[in-house]
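Work through the exercises below on charged side-chain pairs. Each task is followed by a stepwise solution.

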Amino acid sequence: MLPIERQNRIKELVRDKQNIKITDLSELLGVSEMTIHRDIKPLINEGVVMKTFGGISLVREQQPGNHSNVEVCVFCSRKIQDRLAYRLILSNNETEMACCAHCGLLRHRQLGKKVVQAICPDFFKQTTISAPLAWYVVDASVDIGCCKPQVLTFEQKEPADNFVKGFGGQVYTFSEVIEVIFQKMNGGHSCCGKHHQE
């Protein structure tokens, strides 16, 4: 099968399933995972699919008149920068984007079990990581120019610990940080413009 034929088949599969793992694509198409990564790169560049933790998801086109705008944060309405974006993939196959881990965690807490997957970038490497498996640094002295208290995401604990040694802050797991940010925002002043309500 030629690369273009595989790409067309990948498009069909992701349109049908909405989300699909790289390992599943590799098995279904009978090629290596590396080949799948090469095949999906043009699809990501075209905006047909987006990379998720361990797989790809269909990029849903915005319908005219739809109030959802992927250019702004679902929680505070700030402009989204890819280097900080927190993506929530929901059980209805919709994707919500937050400007940073701060807003992403607050929205994640609001949505609860409606979230089937959440991804964010590693602060140093800018690779895509699974939000529930990440390590979070809160209140570091570095100003990233987004919501306060700032939340920086790390794939591994050691770089997070080392970052804190140099720039201050506290390291948390996902389950800890989601409550820490909620408590800080509940009792303090919000940096965010408006809060998205259910």
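At a relative accessibility of 35%, K184 is classed as partly exposed (buried is under 20% relative accessible area, exposed over 50%, partly exposed in between; 1.4 Å probe, protein chains only). The model is predicted: local features need pLDDT of at least 70, side-chain atom pairs count only at pLDDT 80 or more, and totals for chains, interfaces and linings use all residues. Residues are numbered from 1 along each chain as its sequence is written, and side-chain values use heavy atoms, with hydrogens and water left out.

**Exercise 1.** Find the salt-bridge partner of K184 and place both residues.

Step 1. Apply the criterion: a side-chain nitrogen of Lys or Arg within 4 Å of a carboxyl oxygen of Asp or Glu.
Step 2. D139 meets it, with closest N and O atoms 2.8 Å from K184.
Step 3. D139 sits in the loop between strand 8 (135–138) and strand 9, K184 in helix 6, 45 residues apart (helices, H or I, at least four residues, and strands, E, at least two, are DSSP runs numbered from the N terminus).
Step 4. D139 is partly exposed, at 41%.

**Exercise 2.** Which parts of the chain does the pair E179 and R109 tie together?

Step 1. The closest N and O atoms of E179 and R109 are 3.0 Å apart, a salt bridge.
Step 2. E179 belongs to helix 6 (residues 174–187) and R109 to helix 4 (residues 101–111), so the pair ties together parts 70 residues apart in sequence.
Step 3. E179 is partly exposed at 32%, and R109 is partly exposed with a relative accessible area of 32%.

**Exercise 3.** How many salt bridges are there by this rule?

Step 1. The count is nine.
Step 2. One of the salt bridges joins K125 and E155, 2.9 Å from N to O.
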